[in-house]
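Reader: I would like to learn how to read the way helices pack in a model such as this one, and how to follow single residues from there. Could we begin with a pair of helices and work outwards?

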Amino acid sequence: MEKKKKNRKKRTAFIVKRLHNYYGRTGFYLFVWESLKKAFLPIVLAIIGVFLFNKYVYNINEGLETITETFSRIGILTTFFVSETLLGLVPPEIFIAWSGKTESPVLNISLLATLSYLGGLLSYFIGKTALKIKAVKEYLEVKMAENLKNTKKWGGFLILVGALLPLPFSIACLAAGMIKYSFRNVVLFGLFRFARFATYAWAIFQVVD
């Protein structure tokens, strides 16, 4: 029994080492680093912009309260789901901030995380179906050439990065569908989307009182 455990650990260590070497050789770590660097400045500028806007132009907390009182929860959640399905058109941070002003912030942030996750899975099937339409296939293959190339190389880890980091999760899922990547792996790696929403909610809730 002990020998089997040791052999299992050795195999796991060997696989991890091989994966590490592969991702290092194919440029995955560099891709993540470059993506984070590109995202860092816009995020910092956005935070500064929000702070200045909130201080000198309009109180954001009041705006969020107005949204909460004016629009129904179903309407806001539906808008969010459509956005998360169609390439993340609206930054999810806006909806996370909204959830912090509602009577049930934990429930609403859970709903947002679930809808974002489901939106990504739906994007996978959109990508898979789009290949059957010649005009759409040609358009997406040109516009998403880099995403398709990266998804073919890195598969699930690109889904993981899209789920956790400020990168387009739905685009990663769409590309996965277009190359017919394993849906089971998309489902598995996509679960990290919940961790991202929990972390962002904690940070944003500190600002939105």
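Author: Let us begin with handedness: in this predicted model, helices H5 and H6 cross in a right-handed sense.

Reader: Beyond the handedness, what describes two packed helices?

Author: The general idea is that two packed helices are described by the angle between their axes and the distance between the axes. In the present case, the axes of H5, residues 92-100, and H6, residues 105-130, come within 8 Å and cross at roughly 155°. Because angles over 145 degrees count as roughly antiparallel, H5 and H6 are roughly antiparallel to each other.

Reader: Which residues in H5 and H6 meet?

Author: On the H5 side they are Phe95, Ile96, Trp98, Ser99 and Gly100, and these meet Pro105, Asn108, Ile109 and Leu112 in H6. Sorted by class, this contact of H5 with H6 holds 6 nonpolar and 3 polar residues, with no charged residues.

Reader: At what angle do H4 and H5 pack, and how far apart are their axes?

Author: Helix H4, which spans residues 73-85, packs with H5 at an angle of about 155°, and the two axes are 11 Å apart. That angle makes H4 roughly antiparallel to H5, and the crossing of H4 and H5 is left-handed. From H4 the contact draws on Arg73, Ile76, Leu77, Thr79, Phe80 and Glu84, while H5 contributes Pro92, Phe95 and Trp98. The residues of this contact of H4 with H5 divide by class into 6 nonpolar, 1 polar and 2 charged.

Reader: And how do H4 and H6 pack, in angle and in distance between axes?

Author: Here the angle is about 35°, with the axes of H4 and H6 8 Å apart, and the crossing of H4 and H6 is right-handed. In H4, the residues that take part are Arg73, Leu77, Phe80, Phe81, Glu84 and Thr85. Their partners in H6 include Leu107, Asn108, Leu111, Leu112, Leu115 and Ser116, and among them are also Gly119, Ser123 and Ile126. The contact of H4 with H6 divides into 10 nonpolar, 6 polar and 2 charged residues.

Reader: Let us turn from pairs to burial, where I would ask how many of the residues of H10 are buried.

Author: A cut-off is needed for this step, since buried means under 20% relative accessible area. H10 is mostly covered, with 10 of its 10 residues buried; among them are Phe169, Ile171, Cys173, Leu174 and Met178. Just after H10, lysine 180 takes a positive phi of about 60°.

Reader: Is serine 170, in helix H10, buried or exposed?

Author: Serine 170 has a relative accessible area of 4% and is therefore buried. Leaving aside the neighbours within four places in sequence, serine 170 is in contact with Glu84, Thr85, Leu86, Leu87, Gly88 and Ser123. Glu84 and Thr85 of H4, together with Ser123 of H6, also take part where H4 meets H6.

Reader: What is the relative accessibility of alanine 176, and how far in space is alanine 176 from glycine 127?

Author: Alanine 176, likewise found in helix H10, counts as buried at 0% relative accessibility. Alanine 176 and glycine 127 are 49 residues apart in sequence, and their C-alpha atoms are 7.4 Å apart in space.

Reader: How should I read leucine 164 and alanine 198, which lie in helix H9 and helix H12?

Author: Leucine 164, in H9 (residues 156-164), is partly exposed, with a relative accessible area of 31%. Apart from neighbours within four places in sequence, leucine 164 is in contact with Phe192, Ala195 and Arg196, and the C-alpha atoms of leucine 164 and glycine 190, which are 26 residues apart along the chain, are separated by 8.7 Å. Alanine 198, in H12 (residues 193-207), counts as partly exposed at 48% relative accessibility; alanine 198 and serine 110 are 88 residues apart in sequence and 8.3 Å apart from C-alpha to C-alpha.

Reader: Finally, how many helices and strands are there in the protein, and what share of the residues counts as buried?

Author: The protein has 12 helices and 0 strands, and 34% of its 209 residues count as buried. Among contacts between residues at least 6 apart in sequence, 76% join residues at least 24 apart. The protein exposes about 13200 Å², of which carbon and sulfur atoms supply 68%.

Key: Residues are numbered from 1 along each chain as its sequence is written. This is a predicted model: local features need pLDDT of at least 70, side-chain atom pairs count only at pLDDT 80 or more; totals for chains, interfaces and linings use all residues. Side-chain values use heavy atoms; hydrogens and water are left out. Axes are lines fitted to C-alpha atoms, for helices over the stretch in contact, and angles run from 0 to 180 degrees between N-to-C directions. Helices (H or I, at least four residues) and strands (E, at least two) are DSSP runs, numbered from the N terminus. Angles under 35 degrees count as roughly parallel, over 145 as roughly antiparallel, 65 to 115 as roughly perpendicular and the rest as oblique. A crossing is left-handed if the near helix is turned anticlockwise from the far one by less than a right angle, and right-handed if clockwise. Contact means heavy atoms within 4.5 Å. Ala, Val, Leu, Ile, Met, Phe, Trp, Tyr, Cys and Pro count as nonpolar, Asp, Glu, Lys and Arg as charged, and the others, Gly among them, as polar. Buried means under 20% relative accessible area, exposed over 50%, partly exposed in between (1.4 Å probe, protein chains only). Accessible areas come from the Shrake-Rupley method with a 1.4 Å probe; for residues, only the protein chains shown count as cover.
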